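Here is a short report on a predicted model. It covers backbone angles and sheets.

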Amino acid sequence: MQFCDECGSLMHTQDDRWVCRSCENEAPRDSQVEAAMTTRDGQQDDGAPAVADATQDATETMAESCPADDCDSDRANYEMLPKPGGSYEVRLFTCVECGQKWRES
Ligand SMILES: [Zn+2]
Ligand SMILES: [Zn+2]
């Protein structure tokens, strides 16, 4: 909302200007507000890749022999799981070759 500098009447927006219908005074719309909104949008764009990186860190690969009889893979993805009823975590492995899942014993 903007009031006319000349007569104090409520001004109306017209394209990118404020226009007074009482005395026909015109003023440019507040460019600082639009500049601030543009800056916030830029920061949101910068934040998106950081979220993607955090998701990729959820699973990691380590040397671990697959327990499946017909698989000789020695690498597995793992994620940390809270142990039921306990305060520490246990690894859940997923074989990178055959997808076999098993828990750290
Ligand atoms: Zn006016
Ligand atoms: Zn396997």
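With 6 C-beta neighbours inside 10 Å, Asp15 counts as exposed, because the cut-off for that class is 12 or fewer. Asp15 sits in the loop between strand 1 (12-14) and strand 2 (17-19). Its backbone stands out: Asp15 is not a glycine, yet its phi is positive, at about 55°. Most residues other than glycine have a negative phi.

Glu24 is a further case. Its phi is near 65°, again a positive value in a residue other than glycine. Glu24 belongs to the loop between strand 2 and strand 3 (26-28). Is Glu24 buried or exposed? Glu24 is exposed, because 10 other C-beta atoms lie within 10 Å and the class takes 12 or fewer.

The table sets out both residues.

| Residue | Phi | C-beta atoms within 10 Å |
|---|---|---|
| Asp15 | about 55° | 6 |
| Glu24 | near 65° | 10 |

**The sheet of three strands**

The two loops link strands of one sheet. This open sheet has three strands in the order 1-2-3, and the pairing is antiparallel. Which strands are at the edges? Strand 1 and strand 3 are the edge strands, and each pairs on one side only. Neighbouring strands here are turned by 35° against each other on average, with direction ignored.

Strand 2 and strand 3 are joined by three bridges in the antiparallel sense. Arg17 stands opposite Pro28 of strand 3. Strands of a sheet pair through backbone hydrogen bonds, either parallel or antiparallel.

**The sheet of four strands**

Another open sheet holds four strands. Their order is 4-5-6-7, with antiparallel pairing. Strand 4 (60-63) and strand 7 (101-103) stand at its edges. Each has a single partner strand, so one side of each is left without a neighbour in the sheet. The twist from one strand to the next averages 40°.

How many bridges pair strand 5 with strand 6? Strand 5 (residues 75-82) and strand 6 (residues 89-95) pair over seven bridges, in the antiparallel sense. In this pair, Pro82 has Glu89 of strand 6 as its bridge partner.

Conventions. Residues are numbered from 1 along each chain as its sequence is written. Chains are lettered from A and ligands numbered from 1 in the order in which they are written. This is a predicted model: local features need pLDDT of at least 70, side-chain atom pairs count only at pLDDT 80 or more; totals for chains, interfaces and linings use all residues. A residue is buried if 20 or more other C-beta atoms lie within 10 Å of its own, exposed if 12 or fewer, and partly exposed in between; C-beta atoms are placed from the backbone. Two strands pair if DSSP finds at least two bridges between them. Axes are lines fitted to C-alpha atoms, for helices over the stretch in contact, and angles run from 0 to 180 degrees between N-to-C directions.
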